[in-house]
Every structure is written in structure tokens, then in C-alpha cells.
Amino acid sequence: MAHTEGLGITPDTHGHPTVIVEQGRFCFARCGCGWRGPARRARSQARTDGATHEGSTRG
Ligand SMILES: [Zn+2]
């Protein structure tokens, strides 16, 4: 029964909105808290890095 109405963030990020940044042939995950993941050639891998970061900061 989560009440997320009106919140500006999505329930699954908890203040860690990660985005995928492309840099040349590489891409990496970047978070609103300043964290940056390692450069990856596969975007799916960068996405996994971001998800891992979000999960590790959730507590
Ligand atoms: Zn973060």
C-alpha cells in the first residue's frame, strides 16, 4: 500500500536517479548524487551498474 501520489521521484530510485551517459563508443551510468559508474561498451551493462548503485544505497 505505498502512497506515492504527488512525489517527484519514482519509487524505485529513492533519490538516486541514474541515467545512462554515452561518451563516444562507451557509455556509463551516472547518478544524481554524483556517483559515476565505469565506462562500458554495452549499454545494458551500464544500466546494471546503475541499478546496482541504486540497490546498494537503499539500505
Ligand atoms: Zn546515487
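**Exercise 1. Work out whether Thr52 is buried, exposed or partly exposed in this predicted model.**

*Solution.* Start by placing the residue: Thr52 sits in helix α1. Next, count its neighbours. Thr52 has 13 C-beta neighbours inside 10 Å. Now bring in the cut-offs: a residue is buried at 20 or more, exposed at 12 or fewer, and partly exposed in between. With its 13 neighbours, Thr52 therefore counts as partly exposed. You can also check how Thr52 relates to Gly37: they are 15 residues apart in sequence, and their C-alpha atoms are 9.9 Å apart in space.

**Exercise 2. List the secondary structure elements of the protein in order from the N terminus.**

*Solution.* Count the pieces before ordering them. You should get 1 helix and 2 strands. Then walk along the chain from the N terminus, and the order reads β-β-α. Strand β1 covers residues 18-23 and strand β2 covers residues 26-31, while helix α1 takes residues 43-56.

**Exercise 3. Describe how β1 and β2 pair, and look at the turn that joins them.**

*Solution.* Take the direction to begin with: β1 and β2 pair in the antiparallel sense, over 6 bridges. Now find some partners across the pair. Gln23 stands opposite Phe26 in β2, and Ile20 stands opposite Ala29 in β2. Finally, look at the turn. The hairpin has 2 residues between the strands, and Gly24 takes a positive phi near 65° there.

**Exercise 4. Decide whether Ala29 is buried or exposed, and find what it touches.**

*Solution.* Locate Ala29 in strand β2. Count again: Ala29 has 25 C-beta neighbours inside 10 Å, so it counts as buried. Then look for contacts, leaving out residues up to four places away in sequence. Ala29 touches Thr18, Ile20, Gly37, Ala46, Arg47, Asp49, Gly50 and His53. As a last step, take Val19: it is 10 residues from Ala29 along the chain, yet their C-alpha atoms are separated by 5.6 Å.

**Exercise 5. Find which residues of α1 are buried, and where they sit around the helix.**

*Solution.* Check the length of the helix: α1 has 14 residues and reaches 20 Å from its first C-alpha to its last, close to the 20 Å expected at 1.5 Å a residue. Then pick out the buried residues, which are Ala46, Asp49, Gly50 and Glu54. They cover an arc of only 135° around the axis, which puts them on the same side of α1. Here's a handy rule: an α-helix has 3.6 residues a turn, so residues three or four places apart point the same way. What do the buried residues of α1 pack against? They pack against β1 and β2. On the face turned away from the buried side, you'll find the exposed residues Ser44, Gly55 and Ser56.

**Exercise 6. Classify Arg41 as buried or exposed, and name its contacts.**

*Solution.* Arg41 lies in the loop between β2 and α1. Arg41 has 9 other C-beta atoms within 10 Å, so it is exposed. For contacts, skip residues up to four places away in sequence, and you get Arg25 and Phe26. Phe28 is 13 residues from Arg41 along the chain, with 8.5 Å between their C-alpha atoms.

**Exercise 7. Say what share of the protein is buried.**

*Solution.* Take the 59 residues of the protein; 14% of them count as buried. Then turn to contacts with a separation of 6 or more: residues 24 or more positions apart account for 18% of those.

Key. Residues numbered from 1 in each chain as written. Predicted model: local features only at pLDDT ≥ 70, side-chain atom pairs only at ≥ 80, totals over all residues. Pairing = 2+ DSSP bridges. Helix = DSSP H or I, 4+ residues; strand = E, 2+ residues; numbered from the N terminus. Contact = placed C-beta atoms within 7 Å. Expected span 1.5 Å × (residues − 1). Arc of directions from axis to C-beta.
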